[in-house]
Each structure stands twice: as structure tokens, then as C-alpha cells.
Amino acid sequence: AVATIADAATKGLNFNLEKAYEACRKGIEEKTLAPWSDAKAGWIDEFYKINGYIPALQEGEQEIDKNVHPFEKRQAIAVTLGTAYDQWCLSQIARILGKNKEADYYSKCAYNYRNVYNSQTGFFHPKDQKGKWITPFDYRYSGGQGARNYYGENNGWIYRWDVPHNIEDLISLMGGKEKFALKLDSMFSEHRYWHGNEPCHQVAFMFNYAGEPWKTQQAIRHIMETEYLNAPGG
């Protein structure tokens with residue numbers, strides 16, 4: 001919900017922004033980040049504050065955090081990326097309120113996606129508690145049902161693009177606009193794009209940031225023609 005509050009605040013809508021900010025701050029700081037849990041923050045949340053990422057379990061390692069839902073799992077990369085975005089949103093609200101110290105802090109946290117970027121593969125890659133990459137790893141299939149151990153109802157190919165608040169920095173991480181566009185091309189050409197869940201919906205627009213808007217036009221036309229049919233599967 002913090003993104004909704006940040007959007008409303010930026011548009012100048014009239015509501016109690018101070019109260020809303022505090023609710024958003026508590027949602028990030030005092031409630032666990034574990035998916036589908038409203039429990040108080042636990043050790044994984046403290047780990048995130050210190051290390052800047054949610055630790056993932058190695059294959060076969062048993063869950064020890066009671067806040068983690070037995071079906072939804074940790075979703076380590078999805079939660080790391082999502083929280084970095086939420087913290088960026090929180091920084092925008094804090095800045096509007098003149099809370100510059102807090103705004104600076106959350107702006108710094110907004111770069112936490114860098115902590116799980118694997119420069120060797122060009123993907124966001126889960127790390128364990130000791131800072132070691134989870135290996136072996138397949139960005140298509142690893143993570144169990146819905147890839148929930150590491151991602152969330154989408155795989156590593158989809159979450160590769162989940163930095164909506166700093167696409168310019170994501171381009172830089174991937175080696176510049178040309179390489180960024182080639183990686184986007186590969187997603188569509190290798191049929192890794194799946195439009196069925198929210199983390200995909202901004203991906204087609206990202207060609208614009210790489211200076212190749214005609215590819216966005218092509219991708220969107222294809223999505224409209226194949227995903228929005230006037231039929232039960234539309």
C-alpha cells in the first residue's frame with residue numbers, strides 16, 4: 001500500500017499524510033516481510049535491515065523462521081526487490097513531509113536490489129544467510145511451486161526487471177542500453193515472458209528506456225492480440 005500512498009502524496013491529494021506515512025513505516029519496519037503473514041518482525045527482517053537482502057535456503061535446508069508461511073515460503077528475491085521499491089516509495093513520502101534524514105535512509109535502502117544482482121549471469125539470484133549464491137540454479141524452474149522459495153508466482157526471468165523505481169541503474173548493472181535491450185529481446189524470443197501476473201506488466205515498456213521504442217510498440221501489440229481476447233482465455 002505504500003506505493004498507493006506515495007502516488008497520492010505526489011499528486012497532492014488531501015489526506016493525513018503524516019498518519020499514512022507512519023502506517024507505511026510500521027508496515028515495513030515492525031511487521032515481518034514474510035509473505036502472507038501479519039506477524040511482528042522476526043530475525044529474517046532484522047537480517048534484511050543489516051545485510052540488505054532476504055536470505056534464501058539452500059536446497060534441502062529446513063525453514064527455521066516461524067513467520068514464514070509453509071506454502072508461500074520466503075520468496076527471497078521477490079521480497080528483497082519489492083521491499084527496496086517500497087522503501088523508495090517511503091523515501092518519497094518522507095521527503096514531502098520534510099523528514100530528510102529518514103528520506104535519505106530509505107533512499108539508500110532502495111538500492112538493496114544490488115545486493116542480489118549476479119553480474120556473472122545478469123539475473124537477480126538468491127543468496128543464503130552466509131552470502132553464498134544458491135547453486136546449482138535454473139532461472140526458469142528453480143524455487144519449487146510458483147518459484148516461491150526464491151521468487152513468487154513467476155520465475156527469475158520475470159523478476160530480472162523488477163526495479164521499477166530505478167530503471168536507469170538496472171540498465172547500468174546490465175552493461176548499458178545495448179546489452180539491456182538484448183536481454184529484453186531474449187526474454188521475448190525465448191518465450192520466457194508470461195503476462196499472467198503483475199511483475200510482468202511493465203516489462204514491455206522498458207525498451208523505451210533503452211532507446212528502442214519500436215520494440216515496445218511491437219511487444220505491446222503482440223500482448224494485446226494474444227492476451228486480451230474476447231474469449232474465456234482473454
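**Notes on a predicted model**

1. Lys73 is partly exposed, with a relative accessible area of 32%. In this model, which is a predicted one, Lys73 sits in the loop that runs between helix H3 (43-51) and H4, and its phi is near 65°, a positive value in a residue other than glycine. Such a value deserves a second look, because most residues other than glycine have a negative phi.

2. Glu153 may be read alongside that point, since Glu153 has a positive phi of about 60° although it is not a glycine. Its place is in the loop between S2 and H6, and at 38% relative accessibility Glu153 counts as partly exposed, because that value falls between the limits of 20% for buried and 50% for exposed.

3. The loop between S2 and H6 also holds Pro136, and here the backbone has a cis peptide bond, which joins Thr135 and Pro136 with omega at about -10°. For a reader new to the subject, it helps to recall that most peptide bonds are trans.

4. Aromatic rings come next, and a search of the whole structure finds 16 aromatic pairs. One of them is formed by Phe123 and Tyr139, which are stacked, with 4.0 Å from centre to centre and 10° between the planes. This pair links distant parts of the chain, for Phe123 belongs to strand S2 (residues 123-124) while Tyr139 lies in the loop between S2 and helix H6 (156-159), 16 residues apart. Phe123 is buried, and Tyr139 is buried too.

5. A further pair is made by Phe188 and Tyr193, whose ring centres are 5.0 Å apart and whose planes meet at 25°, so the pair is stacked, the limit for stacking being under 30 degrees. Phe188 counts as partly exposed at 22% relative accessibility, whereas Tyr193 is buried, with a relative accessible area of 16%. The two labels differ because buried means under 20% relative accessible area.

6. Where do Phe123 and Tyr139 belong in a wider grouping of rings? They are part of one aromatic cluster, together with Phe137, Tyr150, Tyr151, Trp157 and Tyr159.

7. Lys127 should be viewed together with two rings, for it lies over the face of Tyr53, at 5.4 Å from the ring centre, and Lys127 also lies over the face of Trp133, at 5.1 Å from the ring centre.

8. Turning to the helices, one may recall that two packed helices are described by the angle between their axes and the distance between the axes. Helix H2 (residues 17-29) and helix H4 (residues 76-96) pack at an angle of about 150°, and their axes are 10 Å apart. That angle makes H2 roughly antiparallel to H4, because the label applies to angles over 145 degrees. The crossing in which H2 passes H4 is left-handed. On the H2 side the meeting residues are Leu17, Tyr21, Cys24, Arg25 and Ile28, and on the H4 side they are Asp86, Gln87, Leu90, Ile93, Ala94 and Ile96.

9. Is Ala110 buried or exposed? Ala110 counts as buried, at 4% relative accessibility, and it is found in the loop between helix H5 (100-109) and strand S1 (117-118). Leaving aside its neighbours within four places in sequence, Ala110 is in contact with Ala84, Trp88 and His165. The C-alpha atoms of Ala110 and Gly82 are separated by 9.6 Å, with the two residues standing 28 residues apart along the chain.

Methods. Residues are numbered from 1 along each chain as its sequence is written. This is a predicted model: local features need pLDDT of at least 70, side-chain atom pairs count only at pLDDT 80 or more; totals for chains, interfaces and linings use all residues. Side-chain values use heavy atoms; hydrogens and water are left out. Rings of Phe, Tyr and Trp (its six-membered ring) pair if their centres lie within 6.5 Å; planes under 30 degrees apart count as stacked, over 60 as edge-to-face and the rest as tilted. Helices (H or I, at least four residues) and strands (E, at least two) are DSSP runs, numbered from the N terminus. Buried means under 20% relative accessible area, exposed over 50%, partly exposed in between (1.4 Å probe, protein chains only). A charge sits over a ring if NZ of Lys or CZ of Arg is within 6 Å of the ring centre and within 35 degrees of the ring normal. Axes are lines fitted to C-alpha atoms, for helices over the stretch in contact, and angles run from 0 to 180 degrees between N-to-C directions. Angles under 35 degrees count as roughly parallel, over 145 as roughly antiparallel, 65 to 115 as roughly perpendicular and the rest as oblique. A crossing is left-handed if the near helix is turned anticlockwise from the far one by less than a right angle, and right-handed if clockwise. Contact means heavy atoms within 4.5 Å.
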